[in-house]
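Reader: I've got this model open and I'd like a close look at one part of it, the salt bridges. Could you walk me through them and then show me how they sit in the rest of the fold?

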Amino acid sequence: MNEDFFILMGVLLAAVLLATPIATLVLTLRQRRLSARVAKLEAALEAALAGPGPAPAEAPRAEPLPQPERPPADMIEAVGPWVRAGRPAVPPLPEATEPRETARSEPGLPGPASGDLPPPDRARPEGPGRIAALSLWLRSNWAFTLSAVSLALAGIFFVQYGIEQGLLPPALRVAAAVGFGGALVAAGEWIRRRGGDGEEAPALLLPSTFSAAGLVSIYGGIVAGRLLYGLYGPELTLVGLVATTLGAVLLGWRHGPFLAAMGLVGAGAAPFLVAGGQGATAALYPYYLLVAFLGLAVDAFRLWRWVSVLALAIGTGGAFLMYLGGAGQGGWALTLGALVLLAVVVPGRAPVPEHAAPAPSERLTAVLLARGADAGPRLSVPVRLALGMVAAASFALWYTVEGFWSFGTLAALAVGLVVLSLRAPGIGDLALLPAAAFLLRLWTDLWMASQFTGLALGSRPPETSPPATATALLALAAVMSVAFAGRAFGSVRRPLALGAVLTAPVAAALLEFRWAPGLVLGSLPWALHVMAVAALMTWFAVRWSRLEGRRPMAWAILSALASVSLALFLLLDAAALTLALAVLVVAGAWLDRRLRLVEMGWFLQAGVAAISYRLVVDPGLVWARFAPALPMLAAFAGAIAAVVGARRLLPPERRLERAVAESAAAAWAALLVNVLLTRRFPLIDPVESVNTHWFLTLQALPWLVVAGAQLWRIGSGGRIDLLRRIVAAGAFALALMPLGLAVTTANPLGAGLRGEILGLPILDTLLLAYALPGALFLLGARHLPGLGRLQSALAALGGAFLLLWAVLEIRRLWHGPRIDAPGVLQGELYSYTVALLAGGAVLLWQAVRLRSELLRRLAMAVLALTVAKVFLWDAAGLSGLVRVLSFFCLGLVLAGMAWLNTMVRRAMAGDQGRS
């Protein structure tokens, strides 16, 4: 009992200490007002006693100074308390010098409130940034902040102390906390009426301090009565919180942003201070919605801006902490949706939003197109608030909520934003954010996808219907597409039209490749789902065909064609699907010819890429090698015929698309030749014919032809030439791989049995494997216009292949079909010498004919090599008259060629002198 007595005395002492400065301030204010009134009375008495005096000389009348025009209200920026604290003083407006009766304010009367409008400057006043201004304000007013926190904690701790000690019944504890808060609010209001509120008022920020602390205490008392004691139900709790919130709105309107900020922070922290870590309950979700509404409602009229951001942050953060504490994901998802609704509706002060343009997509487009220049009007503050809240809610629903709560809330949020933006073009495209989060959730929700796939036809009990998960998800995506299509008008037509034609088809594609609905529903039922999406896109195209701009219609047509392609992919086999894609390519070219839509060209390029993927990878070349001949030929021949027909149908101005079609036809024809060779030659030569020198070269020759054809057609300029060079480089790289194997691992010199040479001498597989590619390289180096600096390199590569062919052919003449035997025969050495001399002579003759200094030097290099071979290699195996005859003949030949070289050099020098 003694301990309780001392505690009570301590509480009373604290109350006395708290009341003392308040009473002192009140008495000071009253004394100042009384002193002012006494001074006025004394002045009036002196004037009456002095009597009338001589009339003063009339002063010259001064012309009034021109008053600066006050800007309209929407041009004046509303500022917060710390922005004013960090802003330099602005000189007052000049007063008129015309004598007039002015009202003199009495000392002690309330000064301007902190929420007053700033000086009417059209330009934004210069000052520190928001972070620096906040720091400066806190350094100037930290005592008021700590005072409000301390007073609010006093009410919270009073309730907590009553719980711990059991001094009062629960009802009285709650009543005491609410009464304490009411007393603080009353004290703050009383001080405001007598001393004003604001940094320039006599009472400074004391009214806001007391009122904010009182609101926090009232919030804490109401929450404690529901969560800790269960004194009343959720209905009465909601009534109390709503009433407190309405009172807080009124107080925030009258006092200024400091009260609003302290009230918001305290209201957000009250449930944690009262209930500790045991207060996470779904009943607090509406509470944090009311807190957010409090800040938004006050700021909707006072336009402090930062108060709205603080309110949304506290409302979202508090609800998220409740979710982490186990309050349930359903309430968390609904709270996010409600916060978005508040962020859209409340700042505009109208039940039907009317946010002005530009929309975020318009602003982004303008910034990208401006490239540093003036991008036009910025986003308005309400649009920025809505954008931030929608982005945060979409991310939270994607990342923190699971199952249909995530999908359903995102879809409802997208549709709701479409409805809210019917008269608000500034937020017309915000619905695309939750739609994007919906699609991203389809790809990342691996657990739900695995649970769905686990119910495949062979895994669930017999006679059980398949789950409707995929159907429901696709239906939600279709609803969003329909909503976007209905809102696709005005300044946000294109973004929403793009969202309409992408949401449902992309959802179908993601479901197919991530969820495998065909295994659960069956291929035909799931293909019918996709065809329904294609029908929906077709309806969009018909609906938009009456618009002046054809781009939305083109997007809808592309989406319908893509959906049809996906449905065909689900139903048809390899060859039929390739043919179906080829037909769609032709259809796209025909639509481009009729409607002149550039998007059809995009579709043709995408179709060519898809067909190439199917011919090369899936099912690819492996399927083509072992599949029946008729389906394989139908797939390749149909695809080639389709792109040839598409090229003829394309308009003349589609130069890039026509080049793509030509390149695809050439490449697929080369693939077909390779496939036919691969299927044919193993039947003739079953001993690993695919790894022989001649077969590898056969694989490379079609790609060399493709590369040469692309380089031959270079000359149009721009992107078309770049495309042809890329295709030529790819084809040449594909040709070099088998040619490199033919020169190295499959070379007859070391390939063993696989290196056996087929055919007659000269007309054998060596001619096919090495001489033919070398001749093609030399012809290309001479006649292809698109080589540039690579011409010499290609000519050198051709010469190397011809030299290799000559060496291998000479060896074949002496050793027969197998040339991998060790050692070199004597006659073989002579043959190499004769071949080198003949080659040098041919090069020298070409140098004379073409007047080429390079060929002349190359011929002399070959002769030098011949001499080195004879003296260093051949002479070691010669003796007797054979040695004499050999060197005699070599000397005569070298003398004749030296004389010819000199004559050629003099003739070329004479030609240069005459030129």
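Author: Here's a tour that starts with the overall picture, goes through the salt bridges one by one, and ends with the cores, the backbone oddities and a surface patch.

First, keep in mind that this is a predicted model. The protein has 32 helices and zero strands. Of its 915 residues, 43% are buried. If you take the contacts with a separation of 6 or more, 75% of them come from residues 24 or more positions apart. As for the outside, the accessible surface comes to about 46300 Å², and 68% of that belongs to carbon and sulfur atoms.

Now to your part. The structure holds five salt bridges, and I'll take you through some of them, including the one between R423 and E354, whose side chains meet at 2.7 Å, N to O. This pair links distant parts of the chain, 69 residues apart: R423 is in the loop between α13 (403-420) and α14 (432-444), and E354 is in the loop between α10 and α11. Both R423 and E354 are exposed. While you're in that second loop, have a look at P358, which also lies between α10 (329-345) and α11 (360-370). The peptide bond joining A357 and P358 is cis, with omega at about 10 degrees. For context, most peptide bonds are trans.

Next up is D592 with R654, another salt bridge between side chains, at 2.8 Å from N to O. D592 sits in helix α21 (residues 574-595) and R654 in the loop between α24 (629-649) and α25 (655-684), so this bridge ties together parts that are 62 residues apart in sequence. How buried is D592? Its relative accessible area is 0%, so it counts as buried, the cut-off being under 20%. R654 comes out at 12% relative accessibility, so it counts as buried too.

Then there's E662, which forms a salt bridge with R647, the closest N and O atoms being 2.5 Å apart. Here E662 is in helix α25 and R647 in helix α24, and the two are 15 residues apart. E662 counts as buried because its relative accessibility is 15%. R647 is at 25%, so it counts as partly exposed.

One more acidic residue is worth a click: D299, in helix α8 (residues 284-302). D299 has 5% relative accessibility, so it counts as buried. Setting aside neighbours within four places in sequence, D299 is in contact with W304, R305, W306, V307 and S308.

What about the nonpolar interior? In soluble globular proteins, nonpolar side chains tend to be buried together. In this model the largest nonpolar core has 175 residues, and the members that touch the most others are F438, L442, F484, W515, W544 and W668. Zoom in on L442: leaving out residues up to four places away in sequence, L442 touches F407, L473, A507, L510, L511, R514 and W515. There's also a second, separate core of five residues, with V174, I218, I222 and Y232 among them.

From W515 you can step along to A516, in the loop between α17 (493-515) and α18 (517-521). A516 isn't a glycine, yet its phi is positive, near 50 degrees. Most residues other than glycine have a negative phi. I762 is a further case, with a positive phi of about 75 degrees although it is not a glycine. You'll find I762 in the loop between α27 (718-743) and α28 (765-783). At 40% relative accessibility, I762 counts as partly exposed.

That brings us to the surface, where I762 shows up again. Together with L760, L763, L767, L813, W814 and L825, I762 forms a nonpolar patch on the surface, with about 680 Å² of accessible area together. W814 lies in helix α29 (residues 791-815). With a relative accessible area of 41%, W814 is partly exposed.

To go back to your request, here's a short recap of the bridges. R423 and E354 are both exposed. D592 is buried at 0%, and R654 is buried at 12%. E662 is buried at 15%, whereas R647 is partly exposed at 25%.

Conventions. Residues are numbered from 1 along each chain as its sequence is written. This is a predicted model: local features need pLDDT of at least 70, side-chain atom pairs count only at pLDDT 80 or more; totals for chains, interfaces and linings use all residues. Side-chain values use heavy atoms; hydrogens and water are left out. Helices (H or I, at least four residues) and strands (E, at least two) are DSSP runs, numbered from the N terminus. Buried means under 20% relative accessible area, exposed over 50%, partly exposed in between (1.4 Å probe, protein chains only). Contact means heavy atoms within 4.5 Å. A nonpolar core is a set of buried Ala, Val, Leu, Ile, Met, Phe, Trp, Tyr and Cys residues joined through side-chain atoms within 4.5 Å. Accessible areas come from the Shrake-Rupley method with a 1.4 Å probe; for residues, only the protein chains shown count as cover. A salt bridge is a side-chain nitrogen of Lys or Arg within 4 Å of a carboxyl oxygen of Asp or Glu. Patches are made of residues with over 30% relative accessible area and no salt bridge: like charges are joined within 9 Å, nonpolar side chains (Val, Leu, Ile, Met, Phe, Trp, Tyr) within 5 Å.
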